[in-house]
Amino acid sequence: MPTRTWLPLIVTLTLACRSFAGDWPQWRGPEFNGSANDERKLPSTWSKTEGVAWTYTFDGPSASTPIIVGDRVFLSTAHQANKTLHALCLDRKTGKLLWERKITDGYNRDNRSNFSSPSPVADATRVFFFYGNGALAAYDHAGKELWTRSITKDYGEFAFQWTFSSTPLLFAGKLYLQILQRDVAVNGRGKATGNESFLLALDPASGKELWRQLRPSEAVAESHESFASPVPFTHQGRTEILVVGGDCITGHDPATGRELWRWGTWNPTKIGHWRLVPSPVAGGGVVLACAPKNEPIYAIKAGVSGKQDDSALAWKSDKRVVSSDVPTPAFYQDDFFVVNDGKRSLSRVSPANGEPKWTVTLPGTKKYEASPLCADGKIYVMNFAGDVVVVDAKAGTVISTIPMGEPGDDFTRSTIVAAHGQIFIRTNAKLYCIGGK
């Protein structure tokens, strides 16, 4: 075939490949910060019937986030009627169920969440599912079981007041899991005394322990408890695993778990009910730790070593505007995006000084506890009722508000994700794939 005939085809195929971006393999996405920088032409408006590529209906609610690798969508689920926990794999192009595995019996410990709140994590060949009762399982993409184990059986029952949730991290050839729990039993759960908090590294191929790094703190009572997830961060050539909870934030060597630095506390008077939910996020030369209960967000200078005092702080936010009790902030276009669930607002925040560049009040009266997605110049957030709000990242204006929940829905908390030119919205009842039909 003549060269001039091939050139238009090559250009067309190249542009087609560029129009679709990559995977969402972990809870906070490919950059570990809630952003999908390569996504383009994502939808700004749709409905339950318009712009929907496909819909999948669940047997029960879950706060876990869809994970997308290639043409696979992986989901942790809980069967509400049967009180069982499951792992699912859907075809990304059609929404067809490819396989489902029952992991274990169990459902919840309270009426606010269930054991399927942690999100899966996946690489090119394997996917890992963790649940709040300690069940941990690995499968290949075809659904073949690789290994299973119980973290509570091996290390002791979790000592948490509420239903525990923390999403594993797959990074640098290791599977990391953080357990920051109460030092004494609570409501009969855990040992009477001596419960240990720790960062655990497992071999992804076998599930065997590589190391377990104890992570003590000076917190008291419920303030020991963290529902955050470990996050990797690299600054000036040093890579670390960030862990937050127990009234402090620490950075750890990914190879050994050794603590590199520590800063705290946002709780100097030792208030006993300050459990922590938001995970760390880093960018612009700082690492953020969100104090709970409508308190400030603290920015620690990246690259510190050893135990730090407040001289390590770059800034702390004005809690009247910038605060987060539950959602994890995102880092995108060189700024942080913070959902203030107490004020029902979204702010674009400078990493240099913590000042908002804009703040917008989010529509409706329901809380926003899902962490924000940042992609294609837009911020996607969702409230308890399943209402999705799309905000212009530059201007801070609301582009659209789209009801995706069912009548009576509440506690909808799954993060919206973007992958391969589509967005995925998990409500209490359904998973919607939007765009790219």
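Biologist: Let's start with one cysteine: is C248 buried or exposed?
Modeller: Keep in mind that this is a predicted model. Buried means under 20% relative accessible area. C248 has a relative accessible area of 5%, so the word for C248 is buried.

Biologist: Which cysteine sulfur is closest to that of C248, and why is there no bond?
Modeller: A disulfide needs two cysteine sulfur atoms within 2.5 Å. The sulfur of C248 sits 15 Å from its closest cysteine sulfur, which is too far for a bond, and that closest one belongs to C290.

Biologist: And what is the nearest cysteine sulfur to C290?
Modeller: C290 is buried too, at 2% relative accessibility. C290 is in no disulfide, and 14 Å away is its nearest cysteine sulfur, that of C374.

Biologist: How many disulfides does the structure hold, then?
Modeller: The cut-off is 2.5 Å between the sulfurs. For C248 the closest partner is 15 Å off. For the structure, the count of disulfides is zero.

Biologist: Back to C248: which residue is its bridge partner in the hairpin of β18 and β19?
Modeller: Strand β19 covers residues 248-252 and pairs with β18 in the antiparallel sense over five bridges. Two residues lie between these strands, and G246 in the turn has a positive phi of about 65 degrees. One of the bridges joins C248 to G245.

Biologist: Which residues of β19 point the other way from C248, T250 and H252?
Modeller: In a regular strand, side chains alternate between the two faces of the sheet. In β19, C248, T250 and H252 point one way, and all residues on both sides are buried. That fits with five of the five residues of β19 being buried. Pointing the other way are I249 and G251.

Biologist: What does H252 pair with in β20?
Modeller: H252 is also the bridge partner of I241. On to β20 (residues 259-263), which pairs with β19 in the antiparallel sense over four bridges. That hairpin has six residues between its strands, with G257 in the turn at a positive phi of about 85 degrees. In β20, the partner of H252 is E259.

Biologist: How many of the eight residues of β18 are buried?
Modeller: β18 spans residues 238-245 and is largely enclosed by the rest of the structure. It also pairs with β17 (residues 231-235), antiparallel and over five bridges, and there E240 stands opposite F233. The number of buried residues in β18 is six.

How values were computed:
Residues are numbered from 1 along each chain as its sequence is written. This is a predicted model: local features need pLDDT of at least 70, side-chain atom pairs count only at pLDDT 80 or more; totals for chains, interfaces and linings use all residues. Side-chain values use heavy atoms; hydrogens and water are left out. Buried means under 20% relative accessible area, exposed over 50%, partly exposed in between (1.4 Å probe, protein chains only). Two strands pair if DSSP finds at least two bridges between them.
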